[in-house]
Protein chains: 2
Amino acid sequence: MKGESIMPNPAFFNLSEDKRNLVISVALEEFSTANYDTASINQICKKSSVAKGSFYQYFADKLDLYVYIMTLAIEKKIAFFSNILDEFETLTLLEQIHLLFIKGIEFAKVYPQHAALGEQFSKESNATAKQAVIKEGEKQSETLFIQMIDHAKIKGEIDGDVDTLALSMMLQSLNKTVNEYIQNKFGDISYKHFDEGASKLVHSLLDIIFNGIKKR
Amino acid sequence: MKGESIMPNPAFFNLSEDKRNLVISVALEEFSTANYDTASINQICKKSSVAKGSFYQYFADKLDLYVYIMTLAIEKKIAFFSNILDEFETLTLLEQIHLLFIKGIEFAKVYPQHAALGEQFSKESNATAKQAVIKEGEKQSETLFIQMIDHAKIKGEIDGDVDTLALSMMLQSLNKTVNEYIQNKFGDISYKHFDEGASKLVHSLLDIIFNGIKKR
DNA sequence: ATCGAATGTGACCACCTAGTCACATTAATT
DNA sequence: AATTAATGTGACTAGGTGGTCACATTCGAT
């Protein structure tokens with residue numbers, strides 16, 4: 001937890017901002033379209049007009065770059081979500097979850113590249129790369145859901161007999177699925193019906209979770 | 001849909017059954033531990049004591065082998081599930097889904113390698129490989145869920161206002177998540193509490209879906 | 001203007017990959 | 001036994017990978 005983890009070598013930060021951003025942007029594109037092993041340092045160097053030797057003066061190795069890019073993306077996502085946590089206290093669980101889901105979809109709309117990177121990461125099969133990123137501080141959104149559920153139980157919003165872990169798992173699973181779905185459905189097509197389609201889907205899902213499907 | 005897709009070259013089927021099974025087993029292991037691009041034909045040849053030249057007399061290329069292995073795995077899974085569809089008529093939707101989920105978990109227990117291959121495939125980022133397998137006839141379990149839901153609506157088991165697509169999506173998502181969870185949780189550890197743990201989880205999830213979480 | 005440190009560079013290394021092919025070996029047929 | 005067909009084999013090609021390093025260039029301070 002010390003401040004020793006600025007990850008890239010200082011030389012990287014001595015670069016002009018433009019150059020730095022170019023490298024980051026190119027690396028982001030590479031890692032969001034290919035998995036860790038398939039992503040190519042050579043390609044990143046070519047596309048950002050950086051000599052191989054220079055690159056290795058900025059980053060210790062491939063993993064160093066990957067962790068750095070992932071960290072930036074995670075920071076961006078956290079920043080994007082940070083403001084909604086303030087108003088959380090005033091909302092019901094239903095509203096909280098709805099907000100989280102919609103905000104996630106919006107994030108993918110505003111930063112499609114970052115969203116794609118996240119999806120790629122969740123499918124990453126290189127254990128070393130995955131491990132390194134998680135160690136560097138991936139926020140466990142699981143604990144957030146659990147807190148929300150416990151809170152809602154105390155407030156009497158939901159049935160106290162509900163299996164908290166199962167519900168938390170369910171919400172995580174759905175969140176991921178919804179994002180994948182939206183990305184695949186509206187990723188290339190126009191954004192015309194983006195919002196309404198997404199909102200309707202989330203509404204339907206939450207309706208099922210809160211009211212159940214049994215005929216009453 | 002003609003019978004022209006026996007995929008490997010006839011020479012492969014002229015091999016002794018032992019040799020054939022060895023190749024299949026080694027390839028299964030390779031593709032279930034590495035993604036398509038990372039998986040190595042060289043390794044498969046070495047581990048199954050087949051010369052490179054021989055291998056390419058059996059299979060046209062890497063994709064040919066991959067599609068063949070995936071097809072075998074899919075067939076195995078279909079066979080594993082085939083008997084339960086008979087008794088489906090007599091069951092309620094809750095029982096049907098429960099059975100499907102538990103059967104899926106059992107499949108992973110009996111054929112862990114095949115289950116791992118399936119998980120690997122769902123994470124596959126090589127579009128060509130994914131496409132080729134899907135074209136070769138991946139069963140859309142989505143349609144099965146939709147049929148089940150529609151049927152349950154007609155029988156009056158569940159609320160007719162429920163969003164069928166959303167519910168189907170939800171079931172697919174949960175099915176996948178449960179399998180991943182079980183595999184990661186009990187994959188290496190003892191099978192002591194496997195069944196009860198799995199059953200309890202599925203029960204909790206279905207309880208949420210059918211009854212909702214709202215306090216009543 | 002001179003020196004020294006920091007940085008840019010691309011040829012190069014060792015190692016991997018998928019796929020090929022001329023040749024050796026074996027099996028089957030005449 | 002001789003001929004032909006089928007099959008086994010591994011060196012080889014062309015191309016990729018991550019990473020290194022001796023050298024060229026630039027920059028900053030004396």
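The following paragraphs describe how two protein chains meet each other and two DNA strands in a predicted model.

Because the model is predicted, local features were taken only at pLDDT of at least 70 and side-chain atom pairs only at pLDDT 80 or more, whereas totals for chains, interfaces and linings use all residues. Residues are numbered from 1 along each chain as its sequence is written, chains are lettered from A and ligands numbered from 1 in the order in which they are written, and side-chain values rest on heavy atoms, with hydrogens and water left out.

Chain B can be superposed on chain A by a rotation of 180° with 0.0 Å of shift along the axis, at an RMSD of 0.0 Å (least squares on the C-alpha atoms of residues with pLDDT of at least 70 in both copies). The two copies are therefore related as by a two-fold rotation axis. The same surface serves both copies, since 100% of the contact residues of chain B recur in chain A, where contact means heavy atoms within 4.5 Å. Within chain B, the residue that comes closest to the rotation axis is B:G212, with its C-alpha at 1.8 Å.

The contact between the chains draws 36 residues from chain B and 36 residues from chain A. Together they bury about 3400 Å², of which 61% lies on carbon and sulfur atoms; buried area is the accessible area (1.4 Å probe) that two parts lose on being put together, summed over both. In chain B, the residues that lose the most area to chain A are B:M169, B:M170 and B:I213, which together account for 20% of what that side buries.

Across this interface there are 2 salt bridges, defined by a side-chain nitrogen of Lys or Arg within 4 Å of a carboxyl oxygen of Asp or Glu. One of the salt bridges joins B:K200 to A:D163, with the closest N and O atoms 3.6 Å apart. The elements giving two or more residues to the side of chain B that touches chain A are α7 (112-122), α10 (164-186) and α11 (194-211) of chain B, helices being DSSP runs of H or I with at least four residues, numbered from the N terminus. Of these, α10(B) gives the most, with 9 residues.

DNA strand C is surrounded by 17 residues, the closest being A:G53, A:S54, B:S40, B:K52 and B:K62, where a residue is near a strand if one of its heavy atoms lies within 4 Å of it. Of the atoms of DNA strand C within 4 Å of the protein, 55% belong to sugar or phosphate and the rest to bases. Phosphate oxygens of this strand lie 3.1 Å from a backbone N or O atom of B:A39, 3.1 Å from a polar backbone atom of B:I41 and 3.0 Å from a polar side-chain atom of B:N42. The largest share of the surface near DNA strand C, 5 residues, comes from α4(A).

Around DNA strand D there are likewise 17 residues, of which A:S40, A:K52, A:Y56, B:G53 and B:S54 come nearest, and sugar and phosphate make up 56% of the atoms of this strand that come within 4 Å of the protein. Phosphate oxygens of DNA strand D lie 3.1 Å from a backbone N or O atom of A:I41, 2.8 Å from a backbone N or O atom of A:K62 and 2.9 Å from an N or O atom in the side chain of B:Y58. Here α4(B) gives the most to the surface near the strand, with 5 residues.

Methods: A polar contact is a pair of N or O atoms within 3.5 Å; within protein, one must be able to donate a hydrogen and the other to accept it, and residues adjacent in sequence count only if both atoms are side-chain atoms.
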